[in-house]
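Q: Please take a close look at one part of this predicted model. I would like a connected account of a single residue and of the pocket in the same part of the discussion.

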Amino acid sequence: MSRKFCSLLGLITVLILCARILLAAPGSTAPASPAEDGTLKALTAIAGEGMMDSHAYRYLEELSDDIGGRVTGTPQAAKAIEWGLSRMKDIGLENVHAETWQMSRGWTRISGEAELLSPVRHRLLVDSMGWTGSTAAGGVEADIVPVNINEMDEEIHQNSSHWAGKILLVIKRGESRPGDLLAFAKFGPFLKAAYAAHAIAVIGGQAGSKSVGMIMTHTGALGFDEYFDIPVVSMSAEDQDQLERFLQRGKTIRVRLNVQNRVTRGPVESANVVGEIRGTEHPEEIIVVGGHLDSWDLAAGATDNGCGVTTTLGAAEAILASGFKPRRTLRFVLFTGEEEGLLGSFAYTKTHHDEMPNHVATVVLDHGQGPVVSLELGGHSDLVPAVQRFAEFTQAFGGLEVNDDPVFGTDTGPFILAGLPGISLEQDSPDYKYTHHSAADTFDKVSPDILLRNTTVMALTSFWIADRPERLAAPWPPEKTARMLVEKRQDGFLKAFDLWPFGNLGSEPKD
């Protein structure tokens, strides 16, 4: 993007935001808008800095190309942590430090290869899922046995006695049952049952969903800080489809599989990267702004979640460059361990447990390379009217919808469980299904204009929450949070993964 074009965008932004002052209705009973609450002047300056003088795209290139894939607990992840600390200091954030935490064990990919031996012979494209085991050294040969994920309970109870010495191919037959996260929750017990039944390996690492895209695999973890002894691989959809066609024709399929991974015997250390802009009036009140620094290792982790990391850094940079300081503290956090089960953000809420009553909200970006289109407030429907007044001032960025959806697929989750509005900056990223956890997750997939736009949206949203005269939110009591999660039908998968902290709360009738 040319500087002239960026300047024009910045000017348009400023003009539109200023025009809103004239349109604001004095004496309205609605929540105060930025034109009425005193934040507009700062927001206008931040918008200009975010669109006209941001280094976010350069930061993304450094993270993606110079460091690359960053699996939590690996030397590459440690290098990314040092890079994050350095960038925060360069930007001028205060109290920059690393907050260490431990995960149960570390995991490193070594190699993975497969070959179809019969009824025809050719190479198969596979990659190991994270935190899963290895085949015997040199590989194994075995016949394929299908396992229908839509009838997983029946498969385990009725057919697992026939799994010994076989490679299990996860398929979908019949009607899919509702609840993707619940289906995912059942995948772990299946893997344990397969290992106990002496199956050799499992094909179908996306919890039964096929890889998206042409000649691609997608890696990922299969639980929350959980390791599975059995090798589990993702296979390209083309190869998996061929295997399924052979099965439908009654063919015997034999495959050679060699998967080698390395796992530590004990815990490994990681760290969240933290820096602050201290509040001027209520420094004890904290808004957390962040994305996750870790990634998978088939590629550079640019869209997942280099975009979230660099919009976080860019947002901090734009706010500081504006010359305005918020009333409350903005704490910028680059989480690690997200891919293994939101481990860094859970570690944050644990480390800062005594401080959580002073937290106001968290703002997270983690859904690819597309533009932010909505603000999802983590179940806090009471905040929708106030945030909508802010969103009215974002028309220069395409406008933002506001809803109260809770998002547990990223680092907003632990904050929602702590009673806070975990605000997810939801994006329109149609190509994310290809880049997600794949070899296509590279720097070239990110457009600089969209990254700068998202950086500015994150900066504006975070600063407005931190600087408005009235505190936006305080943590809900556990009873209220539990009831919201039950009403939103989030309790099932949380309980399935043993993440539900509320006991029997939430199921009682309302007063």
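A: T349 is found in helix α10, which spans residues 343-351. In this predicted model, T349 has a relative accessibility of 13%. Because buried means under 20% relative accessible area, T349 counts as buried. The side chain of T349 has a polar atom that lies 2.9 Å from the backbone oxygen of F346. When neighbours within four places in sequence are left aside, the residues in contact with T349 are M356, P414 and F415.

One of these contacts, P414, leads to the second largest pocket. The volume of this pocket is about 410 Å³. Its lining consists of 19 residues, and those closest to the centre of the pocket are P414, L417, A418, P501 and F502. Three helices each give two or more residues to this lining: α10, α12 (412-417) and α15 (478-487). Helix α10, in which T349 is found, gives the most to the lining, with three residues. By character, the lining residues of the second largest pocket divide into 13 nonpolar, four polar and two charged.

Beyond helix α15 the chain continues into a loop between α15 and α16 (491-496), and R489 lies in that loop. Although R489 is not a glycine, it has a positive phi of about 60°. R489 has a relative accessible area of 74% and is exposed, whereas T349, at 13%, counts as buried.

Key: Residues are numbered from 1 along each chain as its sequence is written. This is a predicted model: local features need pLDDT of at least 70, side-chain atom pairs count only at pLDDT 80 or more; totals for chains, interfaces and linings use all residues. Side-chain values use heavy atoms; hydrogens and water are left out. On a 1 Å grid over the protein atoms alone, a cavity is a set of points where a 1.4 Å probe fits but cannot get out, and a pocket is an open set with protein on both sides within 12 Å along at least five of seven lines; lining residues have an atom within 4 Å of a point. Grid points are joined across faces, edges and corners, and a volume is the space filled by probe spheres set on the points. Helices (H or I, at least four residues) and strands (E, at least two) are DSSP runs, numbered from the N terminus. Ala, Val, Leu, Ile, Met, Phe, Trp, Tyr, Cys and Pro count as nonpolar, Asp, Glu, Lys and Arg as charged, and the others, Gly among them, as polar. Buried means under 20% relative accessible area, exposed over 50%, partly exposed in between (1.4 Å probe, protein chains only). A polar contact is a pair of N or O atoms within 3.5 Å; within protein, one must be able to donate a hydrogen and the other to accept it, and residues adjacent in sequence count only if both atoms are side-chain atoms. Contact means heavy atoms within 4.5 Å.
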